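Please open the model in your viewer and keep the sequence beside it, ready to select residues by number.

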Amino acid sequence: MEQTKYSVGLDIGTTKIVAIIGKQNEYGKIEILGIGRSKSLGVHRGVVNNITQTIKSIQQAVEEAEANSGLKIGSVVVGIAGQHIRSLQHSDYITRKDSEEVINEEDVDTLCNQVHKLIMLPGEEIIHVLPQEYKVDGQAEIREPIGMYGGRLEANFHVVVGQVVSIKNVGRCIKSAGLDLGNITLEPLASSDAVLSQEEKEAGVALIDIGGGTTDLAIFKDGIIRHTAVIPFGGGVITEDIKEGCSIIEKQAELLKTRFGSAWPGENRDNEIVSIPGLRGREPKEISLKNLSKIIHARVVEIIEQVYVEIKNYGHEEQKKKLIAGIVLTGGGSQLKHLKQLVEYITGMDTRIGYPNEHLAGDSDEEVASPLYATAVGLLMNAIKNQEKSKLPNRETLEEHEHENEPVLAGDDGHVLNRPSNVTKERKSVFDKWTEKLKEFLDNAE
């Protein structure tokens with residue numbers, strides 16, 4: 001099979017690294033060809049803190065995926081998250097020279113490029129610039145200003161910012177593992193592609209992806225991403241609490257959490273007890289399931305409340321910002337028993353668990369349809385989308401010409417929103433150009 005026929009998503013998480021190989025079938029669904037996972041060593045709260053260990057873990061996951069599929073992995077699309085990611089709202093405007101001429105792509109480009117010149121904190125770089133809505137001469141709530149008359153063009157932007165060093169470290173790990181970096185995408189955006197429907201994005205929805213080291217939030221309204229946040233807590237801190245509270249080793253704490261854990265303490269009766277084997281001939285330990293649930297409940301409430309603060313910061317209580325579709329939970333942490341009920345109780349919002357099976361072909365392995373793989377499936381979808389774009393005619397030749405350095409405006413799903421009439425190809429998004437800069441940096445660092 002040729003490289004062009006399949007794509008690869010690589011999810012570098014805090015607890016696991018997943019490499020997933022797939023292709024699009026004739027019905028537009030994704031066929032999983034192979035999957036590999038390894039324990040993630042060297043990643044703490046979504047950030048690489050040990051390059052050597054991370055490279056080993058990536059290689060292990062990639063080798064397993066290659067063995068499962070019989071294919072060779074070349075280029076991968078990778079996700080970034082971690083506590084260094086933050087987002088901000090920014091408004092900007094340009095005054096046009098001639099208000100008698102209609103607004104064109106160049107005007108929108110100029111406005112978007114202006115946002116990229118924002119001065120960030122030392123060591124930070126803008127990753128995504130996502131336009132929300134436009135204003136032309138004070139007229140608000142314009143989705144598409146191109147073709148309108150006006151002298152002053154304004155827009156609200158959602159700007160996602162990250163630490164340059166953290167992102168370069170991820171790039172270095174990919175390169176050292178013998179892989180090509182196809183693209184980098186924000187993990188909450190990848191997860192949302194995998195588990196949210198277009199109707200939910202229109203109605204207003206908050207996606208909460210509970211991973212091992214971080215909890216990612218992405219809020220959509222009117223089909224546009226409105227707010228993103230990364231909270232530096234996840235399932236790992238719950239395991240840590242169980243380990244400390246019950247004086248047991250991490251492996252046992254993780255098993256207790258997944259097999260017997262519940263986010264709702266009222267579920268367990270006082271006499272429900274589980275016995276844990278003692279270490280090296282020591283007496284077994286007896287742990288009350290009610291106490292276990294109390295430990296889990298306390299930490300889960302803390303995580304949900306932090307996420308809820310972010311949802312409130314977005315302003316969901318305002319009528320026009322209301323999230324009609326409520327909350328969608330995904331990620332490994334969403335599999336915790338009675339979590340859905342607890343989230344509904346704390347936030348008062350409708351909640352469902354998000355499975356990435358909507359986009360998968362019918363004969364896909366059940367394991368892949370688990371919330372655990374939502375980000376990996378989303379990254380694979382992103383890789384397939386990039387592959388489709390690269391098949392457009394004359395892309396290579398046109399890229400070498402003068403349009404190469406022209407500014408471009410990318411939508412929340414990475415699609416290009418503006419295109420000059422004299423160019424037939426799909427132009428590179430800001431993020432693609434940024435990825436190329438990173439690749440160039442890594443090549444020079446050899």
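The stops below go through a sheet, a helix that lies across it, and then several salt bridges.

Before selecting anything, note that this is a predicted model, in which local features need pLDDT of at least 70 and side-chain atom pairs count only at pLDDT 80 or more, while totals for chains, interfaces and linings use all residues. Residues are numbered from 1 along each chain as its sequence is written, and side-chain values use heavy atoms, with hydrogens and water left out.

**The sheet**

Select the 5 strands that form an open sheet of mixed pairing, in the order β3-β2-β1-β6-β11; strands here are DSSP runs of E with at least two residues, helices are runs of H or I with at least four, and both are numbered from the N terminus, while two strands pair if DSSP finds at least two bridges between them. At the edges you will find β3 (30-39) and β11 (180-186), each of which pairs on one side only. From one strand to the next, the twist averages 25°.

Now select β2, residues 16-24, which runs antiparallel to β3 and is joined to it by 9 bridges. Within this pair, glycine 22 stands opposite isoleucine 32 in β3.

**The helix across the sheet**

Add helix α10, residues 374-390, which lies across β1 (7-12), β2, β3, β6 (75-80) and β11 and runs at about 145° to β1. For that angle, axes are lines fitted to C-alpha atoms, for helices over the stretch in contact (heavy atoms within 4.5 Å), and angles run from 0 to 180 degrees between N-to-C directions.

**The salt bridges**

Counting a salt bridge where a side-chain nitrogen of Lys or Arg is within 4 Å of a carboxyl oxygen of Asp or Glu, the model has 14. Select lysine 320 and glutamate 141, whose closest N and O atoms are 3.6 Å apart. Lysine 320 lies in the loop between α8 (289-314) and β17 (327-330) and glutamate 141 in strand β9 (residues 139-142), so this salt bridge ties together parts that are 179 residues apart in sequence. Both residues of this pair are exposed, on a scale where buried means under 20% relative accessible area, exposed over 50%, and partly exposed in between (1.4 Å probe, protein chains only).

Next, select arginine 152 and glutamate 154, which meet in a salt bridge at 3.1 Å, N to O. Arginine 152 is partly exposed at 32%, whereas glutamate 154 is buried at 19%.

Finish with arginine 226 and aspartate 222, a salt bridge with its closest N and O atoms 3.7 Å apart; arginine 226 is buried at 11%, and aspartate 222 is partly exposed at 29%. Elsewhere, Asp193, Lys201 and Lys385 are joined into one network by salt bridges that share partners.
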